[in-house]
Amino acid sequence: MIHPRTIAAWLLLGLAAGAATSLIVSRDVAPTGTVSCLGNAKPMLRLELVFGMGRKGRPDVTGEEWRAFLDAEVTPRFPDGLTVLDGYGQWRNASGAIAREPSRMLLVWLDPGPQTEVGIESLRAAWKARHDQQSVLRAESRNCVSF
């Protein structure tokens, strides 16, 4: 038989864990998708775009071509700052084979809005058209940011 104090202790522990989880969730991300930040941090959109450097039947996109795209298309859309990381990607293609290619990941923190969305999607379309790519991976989240 389980002692009543043991049951009470487990119930209190469960309630404390639930309260802590509730506090963490409500503090970090509210149901509306907004972020509550501490100190001098402010909520911003973290945008990640991954650009494949491979091209069908042609050599990979060169460093010079990437820099030209960065100067002409990316920097005007995100003039406040950005980070570019070199990467390597792989995925299963439609025929079931593993496809591989070098990639570049663009990382930007910005204020979301209608113009931001237009800039992001026009940038993705420009890359696909210019370098015969099927897609540009897009991932985003809300973060607390301070500089």
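Here are legends for a handful of close-up views of this structure, which is a predicted model.

**View 1. The whole protein, from end to end.**
Let's start with the overall layout. The protein has three helices and four strands, and if you read along the sequence they come in the pattern α-β-α-β-β-α-β. Of its 147 residues, 27% are buried. Take the contacts between residues at least 6 apart in sequence: 67% of these join residues at least 24 apart. As for the outside, the accessible surface comes to about 9,800 Å², and carbon and sulfur atoms account for 60% of that.

**View 2. The largest pocket and what lines it.**
This pocket holds about 510 Å³ of space. It is lined by 23 residues, and those closest to its centre are Gly52, Trp91, Glu101, Gln133 and Ser135. Three strands each chip in at least two lining residues: S1 (42-52), S2 (83-92) and S3 (98-110). Sort the lining by class and you get eight nonpolar, 10 polar and five charged residues.

**View 3. The second largest pocket.**
Here the volume is about 340 Å³. Look for Asp80, Gly81, Val108, Trp109 and Leu110, which are the closest to the pocket's centre among the 17 residues that line it. Strand S3 turns up again, and both S3 and helix H3 (114-131) supply at least two residues each to this lining. S3 gives the most, with four residues. The lining divides into nine nonpolar, five polar and three charged residues.

**View 4. Ser103 and its surroundings.**
Zoom in on strand S3 and you'll find Ser103. Is Ser103 buried or exposed? Its relative accessibility is 8%, so Ser103 counts as buried, since the cut-off for buried is under 20%. Setting aside neighbours within four places in sequence, Ser103 is in contact with Val50, Phe51, Gly52 and Met53, and also with Leu85, Asp86, Gly87, Tyr88 and Gly89. Two of these names are worth a second look. A polar atom of the Ser103 side chain lies 3.5 Å from the backbone nitrogen of Tyr88. The C-alpha atoms of Ser103 and Gly89 are 6.3 Å apart, although 14 residues separate the two along the chain.

**View 5. Arg104 and its polar contact.**
Shift along to Arg104, which also lies in strand S3. Which side chain does the side chain of Arg104 make a polar contact with? The partner is the side chain of Asp86, at 3.0 Å. Arg104 has a relative accessible area of 15%, so this residue is buried. Leaving out neighbours within four places in sequence, the residues in contact with Arg104 include Leu49, Val50, Phe51 and Met53. Gly63 and Trp66 are also among its contacts, as are Val84, Leu85 and Asp86.

**View 6. Asp132 in its loop.**
For the last stop, head to the loop between H3 and strand S4 (137-145), where Asp132 sits. What is the phi of Asp132? The angle is positive, about 50 degrees, although Asp132 is not a glycine. With a relative accessible area of 47%, Asp132 is partly exposed.

Definitions and conventions. Residues numbered from 1 in each chain as written. Predicted model: local features only at pLDDT ≥ 70, side-chain atom pairs only at ≥ 80, totals over all residues. Heavy atoms only, no water. 1 Å grid on protein atoms, 1.4 Å probe; cavity = no way out; pocket = protein on both sides within 12 Å on 5 of 7 lines; lining within 4 Å. Points joined across faces, edges and corners; volume = space filled by probe spheres on them. Nonpolar A, V, L, I, M, F, W, Y, C, P; charged D, E, K, R; others polar. Buried < 20%, exposed > 50% of the residue type's maximum accessible area, 1.4 Å probe, protein only. Contact = heavy atoms within 4.5 Å. Polar contact = N/O pair within 3.5 Å; in protein donor to acceptor, adjacent residues only side chain to side chain. Areas by Shrake-Rupley, 256 points an atom, 1.4 Å probe, with all protein chains shown as cover.
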